[in-house]
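Work through the exercises below with the structure open. Try each task before reading its solution.

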Amino acid sequence: MWIVVGLMVLDHITDLGTLASAPVFDLFGSPISMGALFWATLGIWFWTDAINLMNTVVVSFVVKHTSLNDGSAEATMMLIRYALILMGITYGISQLQLSAATVAAITGGLSVGIGFGLREILSNFISGTFILFERSLRPGDIVEVDGQMGTVERLSVRSTTVRTLDNEEIVVPNAAFFTDKFKSFTGSDEKVRFNVVVLANCLNDPERVRTILQETAAAHPEVLDDPMPEAWVEDQFGNNVVSYRLHMWSSSPLDVPRLRSDVVRAVWAAFQQAGIQLVFPDLELHFNDTPLKHLSLIHI
């Protein structure tokens, strides 16, 4: 606003056209005028700021009035924003009217800089562009990074911000997502399977235990009915123990820890009500005829 007011004041004092055509300095033999310098600096800044504002407004409008989710809308607008910013930068540089020799000199210097100092930045930018085009990662996706589950909050030119369940932000370079493996829970299907392992006494009827496990899991409102919960008997019979594995499905990967806790508590209560015996470790000690006075302390 202050810059616009300043330009209006200058327009009353002097002719802005004459001021804009006034040369400021020479760049490798090419005169740079005041107007060209304005478009190449403040003009690009204004353009970028207006595009970011438009991005926020459009994404909010699309998410509110259409069925498109916020992740898809933000990823699409990000590509459009980068394209518009690139057009603005191209126009601003074109206003400088640089000669071919000047462009060659600047390009040569930039190539050296990119080869040494900007290589990682360029790699992350290209990786982020490919990620957006392939739609392999979008804001709102649930991923696992370094063993921690989190939600993708932002995709920028250089990096991706992931917020974990502990409300911590992990900033990951885009090249890491593009070249390394990562686990996505919402890539093509948001349904995720989780399981609970239950150890019961071998004297219990296995079919009855399986039925109680499946019915208890199905009774939870957040456990999906399709696929249905399933209970399996595993091949573990040592120490009078039978191992059961209960498979369930959820449509919200972030809620799995809470759902697992709810199901475990419900199974415990159902077992007590049905008289299903859980297992407790048994320990048998056998002594030979050695007198007790010769025995040292036994560690269990």
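**Exercise 1. The β3–β4 hairpin**

In this predicted model, determine in which sense strands β3 and β4 pair, and over how many bridges.

*Solution.* Start with the strand limits. β3 covers residues 142–145 and β4 covers residues 148–155. The two pair in the antiparallel sense over 4 bridges. Next, check the register: E144 stands opposite M149 in β4. Finally, look at the turn. The hairpin of β3 and β4 has 2 residues between the strands. There, D146 takes a positive phi near 55°.

**Exercise 2. From β4 to β5**

Find how many bridges join β4 to strand β5, and how many residues the hairpin uses to join them.

*Solution.* Strand β5 spans residues 159–164. Its pairing with β4 is antiparallel, with 5 bridges. For the register, take L155, which stands opposite T160 in β5. The connection is a hairpin, which joins β4 to β5 through 3 residues.

**Exercise 3. The sheet of β8, β9 and β10**

Give the strand order of this open sheet, and name its edge strands.

*Solution.* The 3 strands follow the order β8-β10-β9, with antiparallel pairing. The edges are β8 (192–201) and β9 (230–233), and each pairs on one side only. Now take the twist. On average, neighbouring strands of this sheet are turned by 25° against each other, direction ignored. Then examine one pairing in detail. β9 and β10 (residues 241–250) are antiparallel over 4 bridges. Within it, A231 has L246 of β10 as its bridge partner.

**Exercise 4. Helices on the sheet**

Which strands do helices α8 and α9 touch or lie across?

*Solution.* Take α8 first. Helix α8 lies across β8, β9 and β10, and runs at about 25° to β10. Then turn to α9. Helix α9 packs on the sheet and touches β8 and β10. The direction of α9 makes about 30° with that of β8.

**Exercise 5. How α8 meets α9**

Describe the packing of α8 against α9, then classify the residues of the contact.

*Solution.* Two packed helices are described by the angle between their axes and the distance between the axes. For α8 (residues 206–219) and α9 (residues 256–274), the angle is about 135° and the axes are 10 Å apart. The two helices are therefore oblique to each other. α8 passes α9 in a right-handed crossing. Now list the contact. α8 supplies R208, V209, I212, L213 and T216. α9 supplies A266, V267, A270, F271 and A274. The residues of this contact divide into 8 nonpolar, 1 polar and 1 charged.

Notes
Residues are numbered from 1 along each chain as its sequence is written. This is a predicted model: local features need pLDDT of at least 70, side-chain atom pairs count only at pLDDT 80 or more; totals for chains, interfaces and linings use all residues. Side-chain values use heavy atoms; hydrogens and water are left out. Axes are lines fitted to C-alpha atoms, for helices over the stretch in contact, and angles run from 0 to 180 degrees between N-to-C directions. Angles under 35 degrees count as roughly parallel, over 145 as roughly antiparallel, 65 to 115 as roughly perpendicular and the rest as oblique. A crossing is left-handed if the near helix is turned anticlockwise from the far one by less than a right angle, and right-handed if clockwise. Contact means heavy atoms within 4.5 Å. Ala, Val, Leu, Ile, Met, Phe, Trp, Tyr, Cys and Pro count as nonpolar, Asp, Glu, Lys and Arg as charged, and the others, Gly among them, as polar. Two strands pair if DSSP finds at least two bridges between them.
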